[in-house]
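The exercises below are meant to be worked with the sequence and the model side by side. Try each task before reading its solution.

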Amino acid sequence: MSSSSSSSSSSEDGNGNGSGGVGGHYGARRGGDFEGPSSSRQRRRAVNEVWPEPFVEALATQVAIEASRSVGRLAAAAALANVFQVCSTWRAVSRSDLLWHRLTRRIWGRTNLLHATWRDEYIYRHRTAQNFRTRRYTHFNLYFDPSDVDNPDGLTCRCLTLSDLYLACGFADGAVRLFDLTTRLHVRTFRPQHSDRLGQFSRAVSGIIITDSQLIFATLDGDIHVAVMDDVANETRTAHFGSVMDDGVLIDFTGCSRYWVGLYAGLAGRAFHIWDRQAEEVFVGGDLTDHNTVMGWRMLTEFTEFVGRVRVTSHESAVACTSSRVIIFDLRNQGMVLGERGYRRGIYVTSVDVNAEAYIVVENRELENQNRRLAIVRRVDTFEEVCRFSLRADRNVNVMGCMNQGYALMCVEGVIRVWEVEGGEYMYSFRERIGEEVIAFVGDDRHVAASCGTNIHLWDFGA
């Protein structure tokens, strides 16, 4: 196993005075440079030095959050520096790990500590976001041994999922290959237990969930399998046995630490299935895919266009779509529909993605400028528009989209372009052209991955 890499960086301004927002930052006002408390000697230094530490911590937190909301997440660091320069007592607050824990959660949306301290974690997230803004990354091709694959169709990677440590790749033959993001090496292969085939692609992986200790994946025939991440035997158990004749085809699968969500097509009134983490089914229903029954059945025997997609937000709600509708529903309340939008001229199913609080969709209607399509980012909780931008795409080409907390990425005909989420500003395109047949595309705040036939690409923006 080997990997090839090339690094690139942009000459764009790297001062970090703008970035997409998270955690309620969307739609906030934009302004000039944020000015924190003055360090002027005319201020009452004696008073400053006796202010209690909890008060200064609260003030520093508020200053950083306001800077993030009004200017951008990267501006919070400069605002904090101004606070810490007031006097030695205020500077001492910068050593509070509780302060950095709170700021990492509020500004970067992170609750897992991957570094020695929360201050280190905050600095790492800041630098990684700066790299994303300035196009500073390393590109890799990932490799695995294909000798255990009998059918060449089984080498096609159908879906991708990222975690902090791993990239999981789901293949058409039901295998899930796990890559270590630090070494970029293939470290595990998980396969479903034997089941009857209902078509050439009935075992194809339709979705993957990665938790702290488990990998959960589903196949088109409706089976859901669970594997322990550090199990050297690579064994899997079937947590749910699918029934295609009763439920239809499981066309997409996702989830979080508390819930699993399946999107089905093939039978009316059974579009959504929700399970808790003990694999107990808590809801079945929904008519989202009622008009896509034939296309759903065809997916068992041939690789057709994508029928639908479902993604989970940080609010324990889910965004699901077909080419004509987007629905948001509550995972905690029996799949209650929170809102929906119809699209008379259609949308690109594979363009739809979510981050913690918003979702993006690219409409299939042509704008006044020929061959340009409209992308819109909306808040999940209110449907309020966050931003919009246009991209070039012919009607007959596929648009693959993904979104992290600050940026939206669109892959059209092998070219990946990046827009800033909060204002819709076009940023740059990736240097690599990866081919026109992109099948899966995923990104988070550090990594971006894409599968193109049997090739798997990885971009690392890590600090």
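Helices (H or I, at least four residues) and strands (E, at least two) are DSSP runs, numbered from the N terminus. This is a predicted model, in which local features need pLDDT of at least 70 and side-chain atom pairs count only at pLDDT 80 or more, while totals for chains, interfaces and linings use all residues. Residues are numbered from 1 along each chain as its sequence is written, and side-chain values use heavy atoms, with hydrogens and water left out.

**Exercise 1.** Locate Arg 135 and decide whether it is buried or exposed.

Solution. Begin with the place: Arg 135 sits in the loop between α6 (118–133) and β2. Next take its relative accessibility, which is 15%, so Arg 135 counts as buried (buried means under 20% relative accessible area, exposed over 50%, partly exposed in between, with a 1.4 Å probe and protein chains only). Finally look at the backbone, where Arg 135 has a positive phi of about 60° although it is not a glycine. Most residues other than glycine have a negative phi.

**Exercise 2.** Describe the surroundings of Asn 234 and Asp 231 in the loop that holds them.

Solution. Asn 234 lies in the loop between β9 and β10, and Asp 231 is placed in the loop between β9 (224–228) and β10 (236–240). Asn 234 is partly exposed because its relative accessible area is 24%, and Asp 231, at 22%, also counts as partly exposed. Asn 234 has a positive phi of about 60° without being a glycine. For Asp 231, compare sequence with space: Asp 231 and Arg 188 are 43 residues apart in sequence, and their C-alpha atoms are 9.0 Å apart.

**Exercise 3.** Which parts of the chain does the salt bridge between Glu 316 and Arg 258 link?

Solution. First apply the rule that a salt bridge is a side-chain nitrogen of Lys or Arg within 4 Å of a carboxyl oxygen of Asp or Glu; the side chains of Glu 316 and Arg 258 meet in one at 3.2 Å, N to O. Then place the partners: Glu 316 is in the loop between β15 (309–312) and β16 (317–321), and Arg 258 is in the loop between β11 (249–255) and β12 (259–265), so that the pair, 58 residues apart, links distant parts of the chain. Glu 316 is buried, with a relative accessible area of 15%, whereas Arg 258 is partly exposed at 39%. By this rule the count comes to 20 salt bridges.
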